[in-house]
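Please open the structure in your viewer and keep the selection tool at hand. The stops below are meant to be followed in order.

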Amino acid sequence: MAYKFIYDEQINLLDFVNRGIHASNLNLILTVIFFLLMVLGLNSIRFTLFLVLLLFGLFFIGQEVALLANNGARRDKAYGALLAFGIIFICSLVMNSLIYNSVLRSIFNQIISGFNGSM
């Protein structure tokens, strides 16, 4: 939607996603490092939070690079970047609420089943 706003032309969604993922390919390396550290038992919440925020920031930067890298803009790229940020932010909030609610429900179910099993 932001690409259409800036350049006034349609782009294939898979091509745009491919460009964005290519621009943020460092996320794959950081995700593997993050996974290995968690498997090895790293219990630092600060480091975990830092890595998650770094992954999210690199994803956002990659999407912005894919959006703003082309020439021939018909409208101001700053407004398109703000529109893209808003879209990514709203999608992140929705995904976070879905994941958080499902994880929270599963934890509560495990706690309740643990209490029921011990009684």
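The tour proceeds from one helix to a helix pair and then to a single loop residue.

The model is a predicted one.

**First stop: helix α4.** Select residues 45-68, which form helix α4. With 24 residues at 1.5 Å a residue, α4 should span 34 Å, and the 34 Å between its end C-alpha atoms agrees with this. Next, colour the buried residues of α4, among them Thr48, Leu51, Leu55 and Phe60. Towards the higher residue numbers, Gly62, Gln63, Glu64, Ala66 and Leu67 are also buried.

**Second stop: the pair α2 and α4.** Add residues 13-23, helix α2, to the selection. Two packed helices are described by the angle between their axes and the distance between the axes. Here α2 and α4 pack at about 125°, and their axes lie 7 Å apart. The angle therefore makes α2 oblique to α4. The crossing of α2 past α4 is right-handed. To display the contact, show Phe16, Arg19, Gly20, Ile21 and Ala23 on α2, together with Gly62, Gln63, Val65, Ala66 and Leu67 on α4. Sorted by class, this contact comprises six nonpolar, three polar and one charged residues.

**Third stop: serine 24.** Now select serine 24, in the loop between α2 and α3. Is serine 24 buried or exposed? Its relative accessible area is 7%, under the 20% cut-off, so serine 24 is buried. Finally, display its neighbours: leaving aside residues up to four places away in sequence, serine 24 touches Leu58, Phe59 and Gly62. Gly62 also appears in the contact of α4 with α2 and is buried.

How values were computed:
Residues numbered from 1 in each chain as written. Predicted model: local features only at pLDDT ≥ 70, side-chain atom pairs only at ≥ 80, totals over all residues. Heavy atoms only, no water. Axes fitted to C-alpha atoms, helices over the stretch in contact; angles between N-to-C directions. Helix = DSSP H or I, 4+ residues; strand = E, 2+ residues; numbered from the N terminus. Parallel < 35°, antiparallel > 145°, perpendicular 65-115°, else oblique. Left-handed = near helix turned anticlockwise from the far one by under 90°. Contact = heavy atoms within 4.5 Å. Nonpolar A, V, L, I, M, F, W, Y, C, P; charged D, E, K, R; others polar. Expected span 1.5 Å × (residues − 1). Buried < 20%, exposed > 50% of the residue type's maximum accessible area, 1.4 Å probe, protein only.
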